[in-house]
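Please walk through the structure shown here, moving from a surface loop to the packing of the helices and then to the backbone.

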Amino acid sequence: MDWKPRADMAVLRARARLYGAIRGYFEARGVLEVETPILSAAATVDPNIDSFVARENRGAERWLQTSPEFAMKRLLAAGSGPIYQIARVFRREEAGRHHNPEFSMLEWYRPGWDHLRLMDEVESLLHAAGLLEGLPWERLSYREAFLRHAALDPFEAGFEQLRQTCIQRLNLSADLAAETSRDVFLDLLMSAEVGPRLGLEAPVFLYDFPASQAALARVRADDPPVAERFELFWKGVELANGFHELTDAAEQRRRFEQDRQRRSEQGREAPPYDARLIAALEAGMPPCAGVALGLDRLLMLMLGLQELAAVLAFDDGRA
């Protein structure tokens, strides 16, 4: 049986240096490091993310966190001020070149900031960690990215145009395409045509997503309305996802219930959503911006490695 580490010691030292740079960066700026539970009585109900479930001796179900977001927002509502966390998170998905069911995430929140100001800090932090200082980082709207790399307007394209585009370019079966939605088509095009072309020279921030993809972000009443959300891409790989955070408890509950309904309609598990987060929003979470950044992917790209497994000490979960 192969018991040896997958990553070599030089990679493990590089990870330690990266974490040290992150902690030094936030300490110098008065951002508090926090730690929250990995197990929770609630799970994400995001239609695109599935949680691992664990059962206690008496049969009660608990879920491994897919992000420390909900607990960190409860700390914000309790008056923590700016906070960050380097966390182990778990998502029930296939292991692959850029995915592993267990991975490391950096997440932080800035009260009083919006997503645009937080983009500046993401860039500043990664420069401090030794990433591409001196090269211009592009900021590209979701619409601009689709026009440039998919030759269509994601806000104006109708269902049938998106359907035919995915059938023709992505070899999506007509039967499957008839049962999906605009956002699924857009996600497919993002994964296959747009995302892989982003940030090939220097990182690119993608912002102003469709309101239907707001997740936990605020929606701005533009024409068309857009979500105050951004993602960071480098070498065609998504590294970070950030929001000008939703603080409206009633709207957050509505989105959670809508997501649970969508999962049920798809025949998938619809676990309980985090009622404590709703209570924290009702108590008053301050306006803020937050972002989650995948540290394993970042380290892989910084070191010029070709797969995520190369930066993991062990990837025993694949066995």
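**Loops, helix packing and backbone geometry**

In this predicted model, Pro287 is partly exposed, with a relative accessible area of 47%. Pro287 belongs to the loop that joins helix 9 to strand 12 (288-294). With neighbours within four places in sequence set aside, Pro287 makes contact with Arg110, Pro111, Gly112, Arg218 and Thr247. Ala174, by contrast, lies 44 Å from Pro287, C-alpha to C-alpha, with a sequence separation of 113 residues. The residue that follows in the numbering, Cys288, counts as buried, because its relative accessibility is 0%.

Cys166 likewise has a relative accessibility of 0% and therefore counts as buried. A search for disulfides across the whole structure returns 0.

The loop of Pro287 leads back to helix 9, and helix 9 (residues 275-283) packs with helix 8 (residues 249-265). The axes of these two helices come within 8 Å and cross at roughly 160°. Angles over 145 degrees count as roughly antiparallel, and helix 8 and helix 9 are therefore roughly antiparallel to each other. Their crossing is right-handed. Which residues of helix 8 and helix 9 meet? Helix 8 contributes Ala249, Gln252, Arg253 and Phe256, which meet Leu277, Ile278, Leu281 and Glu282 of helix 9. By class, the residues of this contact comprise 5 nonpolar, 1 polar and 2 charged. The spacing of such positions recalls a general property of the fold element: an α-helix has 3.6 residues a turn, so residues three or four places apart point the same way.A second helix pair shows another arrangement of axes. Helix 4 (residues 142-149) and helix 7 (residues 182-194) pack at an angle of about 60°, their axes lying 11 Å apart. That angle makes helix 4 oblique to helix 7. The crossing of helix 4 with helix 7 is left-handed. On the side of helix 4 the contact is made by Tyr142, Ala145, Phe146 and His149, and on the side of helix 7 by Leu186, Leu189, Met190, Glu193 and Val194. These residues divide into 7 nonpolar, 1 polar and 1 charged.

Is helix 10 (residues 295-302) enclosed or open to the surroundings? Of its 8 residues, 7 are buried, so helix 10 is largely enclosed by the rest of the structure. The buried residues of helix 10 are Leu295, Asp296, Arg297, Leu298, Leu299, Met300 and Leu301. Just after helix 10, Gly304 adopts a positive phi of about 70°.

Leu295 also appears among the contacts of Met105, a residue of strand 6 (residues 102-111). Met105 has a relative accessible area of 6% and is therefore buried. Not counting residues up to four places away in sequence, Met105 touches Thr66, Ser67, Pro68, Gln85, Ile86, Ala87, Val89, Arg91, Ala292, Leu293 and Leu295. One of these partners, Thr66, is 39 residues from Met105 in sequence and 9.6 Å from it in space, C-alpha to C-alpha.

The backbone of several loops also deserves attention. Where does Asn171 lie? Asn171 is placed in the loop between helix 5 (159-170) and helix 6 (174-178). Although Asn171 is not a glycine, it has a positive phi of about 55°. Its relative accessibility is 70%, so Asn171 counts as exposed.

Lys235 provides another example of a residue that is not a glycine and has a positive phi of about 55°. Lys235 is found in the loop between strand 10 and strand 11 (237-244). With a relative accessible area of 40%, Lys235 is partly exposed.

Strand 10 (226-234) is also preceded by a loop, which connects it with strand 9 (219-220) and contains Pro224. The peptide bond from Asp223 to Pro224 is cis, with omega near 5°.

Note on methods:
Residues numbered from 1 in each chain as written. Predicted model: local features only at pLDDT ≥ 70, side-chain atom pairs only at ≥ 80, totals over all residues. Heavy atoms only, no water. Axes fitted to C-alpha atoms, helices over the stretch in contact; angles between N-to-C directions. Helix = DSSP H or I, 4+ residues; strand = E, 2+ residues; numbered from the N terminus. Parallel < 35°, antiparallel > 145°, perpendicular 65-115°, else oblique. Left-handed = near helix turned anticlockwise from the far one by under 90°. Contact = heavy atoms within 4.5 Å. Nonpolar A, V, L, I, M, F, W, Y, C, P; charged D, E, K, R; others polar. Disulfide = S-S within 2.5 Å. Buried < 20%, exposed > 50% of the residue type's maximum accessible area, 1.4 Å probe, protein only.
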